[in-house]
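Visitor: I have a model open and want to learn how to read its features one by one. Where do we begin?

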Amino acid sequence: MLARNAESLYWIGRYVERADDTARILDVAVHQLLEDTTVNPDARCRLVLQVLGMELPPKRELLDAWSLTERVAYAKTLPGSIVDSVGQARENARGAREVTSSEMWECLNTTYNGLGDAERASRKLGPYEFLSYVKNRAAMFAGLADATLSHDDGYRYLLLGRSVERVDMTVRMLLSRAGDRSGSPAWVTVLRSAGAHDTYLRTYRGALDATRVVEFMLLDRLFPRSVFHAINLAEQQLLHLDNRPSRVGARAEAERLLGRARSGLEFMRPGVLLEDLQPRLVDLQETCREVSEAVTAQYFHVSPYVAWAGVSASDSVNRFIEESEL
């Protein structure tokens with residue numbers, strides 16, 4: 001496969017997943033802002049922007065549910081917004097028509113062209129209309145990719161991109177709550193953002209505490225949005241893409257990084273998840289960045305294609321910690 005096609009498929013997977021997860025996070029945040037009168041709107045909105053790695057407006061500019069939605073959902077020129085992510089996925093698909101199915105292209109193209117109508121409906125009826133549209137279309141794209149694309153190297157690049165992005169977004173969700181007390185109801189927002197609330201309740205029979213939420217979102221082997229599941233899936237794709245098995249273990253940098261992250265989670269001692277949770281999450285997020293750079297260097301032979309709105313993972317987390325201490 002041509003390197004440019006492989007790169008396009010990788011970033012299609014990342015951008016579609018980014019749009020989907022951003023819509024999930026924003027949906028939960030907007031509902032909380034509109035329903036809970038005890039929440040400080042400006043502080044909550046700034047926390048959401050920090051979680052997403054987006055630039056914060058000046059302190060004098062107060063944010064609310066509507067201005068947050070404008071920035072995160074509708075902004076066409078703001079890197080990391082939902083419209084920008086869908087547009088970037090579409091542009092990558094346009095340049096890789098020969099390795100994607102017509103159904104996948106039509107789904108992305110129709111989704112992008114329908115964003116305007118969804119935005120207009122959302123301004124009349126509420127943000128849910130737009131966010132639901134994005135989530136449903138992302139699910140449709142994932143289903144079409146699975147059903148209409150040969151499960152060859154191209155499909156593996158798509159899955160690899162989706163999995164790396166999913167790890168990064170799930171870690172960001174957990175970082176938004178790291179430091180909260182164990183019994184805080186705010187942990188429910190992490191589950192809802194990841195679409196994991198119902199599955200979590202069935203798994204743990206309704207018991208809610210931070211340790212179990214973190215355990216489920218980090219270590220669960222069956223839930224597809226858990227960090228461990230996504231890392232394991234990404235590692236499997238790299239094993240298939242690397243046709244040169246080694247007798248002494250992983251030689252490719254990306255494979256080595258993912259294997260180290262997976263083993264660190266897999267063999268973690270029980271009961272220590274909340275100990276040093278923030279550094280552990282920051283390390284996972286940094287691993288995602290390093291894996292993306294290693295994949296780019298090994299398979300695409302170019303400089304990394306995109307960054308999170310120009311804000312590094314460590315900068316975003318450091319700002320979050322500083323705000324929490326104030």
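Guide: Begin with exposure. This is a predicted model. Asp-276 counts as exposed, because its relative accessibility is 59% and exposed means over 50%. Asp-276 sits in the loop between H13 and helix H14 (277-300).

Visitor: What is phi of Asp-276 near?

Guide: General idea before the case. Most residues other than glycine have a negative phi. Asp-276 has a phi near 55°, a positive value in a residue other than glycine.

Visitor: Where is Arg-269 placed, and is Arg-269 buried or exposed?

Guide: Arg-269 is in the loop between H13 and H14. Arg-269 is exposed, at a relative accessible area of 58%. For a sense of distance, take its C-alpha and that of Ala-6: they are separated by 38 Å, and the two residues are 263 apart along the chain.

Visitor: Now the other end of the scale. Is Ser-81 buried or exposed?

Guide: Ser-81 is buried, because its relative accessibility is 0% and the cut-off for buried is under 20%. Ser-81 belongs to the loop between helix H3 (65-74) and helix H4 (82-94). Its side chain has a polar atom 2.5 Å from the backbone oxygen of Ala-75.

Visitor: Next, cysteines. How many disulfides does the count come to?

Guide: The test is a distance: two cysteine sulfur atoms within 2.5 Å. The count here comes to 0 disulfides. Look at two of the cysteines by exposure. Cys-45 is buried, at 0% relative accessibility. Cys-288 is buried too, with a relative accessible area of 7%.

Visitor: On to charges. How many salt bridges are counted?

Guide: Again a distance test. A side-chain nitrogen of Lys or Arg must lie within 4 Å of a carboxyl oxygen of Asp or Glu. The count is 23 salt bridges. Take Asp-117 and Arg-120: their closest N and O atoms are 2.4 Å apart. Both lie in helix H6 (residues 115-125), 3 residues apart, about one turn of the helix.

Visitor: Which residue forms a salt bridge with Arg-256?

Guide: Glu-253 does, with the closest N and O atoms 2.6 Å apart. This pair lies in helix H13, 3 residues apart, again about one turn of the helix. Check exposure as well. Arg-256 is partly exposed at 36% relative accessible area. Glu-253 is partly exposed at 38% relative accessibility.

Visitor: Where do the partners lie when Glu-266 meets Arg-221?

Guide: Distance before location. Their side chains meet in a salt bridge at 3.3 Å, N to O. Glu-266 lies in helix H13 (residues 253-266), and Arg-221 is in the loop between helix H11 (210-219) and helix H12 (227-241), so the pair ties together parts that are 45 residues apart in sequence. Glu-266 is partly exposed, with a relative accessible area of 26%.

Visitor: Which residues are linked in a network of salt bridges?

Guide: Read a network as residues joined through such bridges. Here Glu-17, Asp-20, Asp-21, Arg-24, Arg-166 and Arg-225 are linked in one.

Visitor: Now empty space. What is the volume of the largest pocket?

Guide: The general idea is a probe. Rolling one the size of a water molecule over the atoms shows where empty space is left. The largest pocket has a volume of about 460 Å³. It is lined by 23 residues, and the closest to its centre are Val-28, Val-188, Thr-189, Arg-192 and Ser-193. At least two lining residues come from each of helix H1 (3-35), helix H9 (187-193) and helix H10 (197-204). By class, the pocket lining has 6 nonpolar, 8 polar and 9 charged residues.

Visitor: How many cavities of 30 Å³ or more does the structure hold?

Guide: For a cavity, ask whether the probe can get out. In a cavity it fits but cannot. The structure holds 4 cavities of 30 Å³ or more. The largest cavity holds about 150 Å³ of space. Its lining has 14 residues, and Ile-25, Arg-44, Ser-176, Thr-189 and Ser-193 are the closest to its centre. H1, helix H2 (41-51) and H9 each give two or more residues to this lining.

Visitor: How does the lining of the largest cavity divide by class?

Guide: Into 8 nonpolar, 4 polar and 2 charged residues. Set that beside the pocket, with its 6 nonpolar, 8 polar and 9 charged. Thr-189 and Ser-193 are named at the centre of the pocket and of the cavity.

Note on methods: Residues numbered from 1 in each chain as written. Predicted model: local features only at pLDDT ≥ 70, side-chain atom pairs only at ≥ 80, totals over all residues. Heavy atoms only, no water. Buried < 20%, exposed > 50% of the residue type's maximum accessible area, 1.4 Å probe, protein only. Helix = DSSP H or I, 4+ residues; strand = E, 2+ residues; numbered from the N terminus. 1 Å grid on protein atoms, 1.4 Å probe; cavity = no way out; pocket = protein on both sides within 12 Å on 5 of 7 lines; lining within 4 Å. Points joined across faces, edges and corners; volume = space filled by probe spheres on them. Nonpolar A, V, L, I, M, F, W, Y, C, P; charged D, E, K, R; others polar. Polar contact = N/O pair within 3.5 Å; in protein donor to acceptor, adjacent residues only side chain to side chain.
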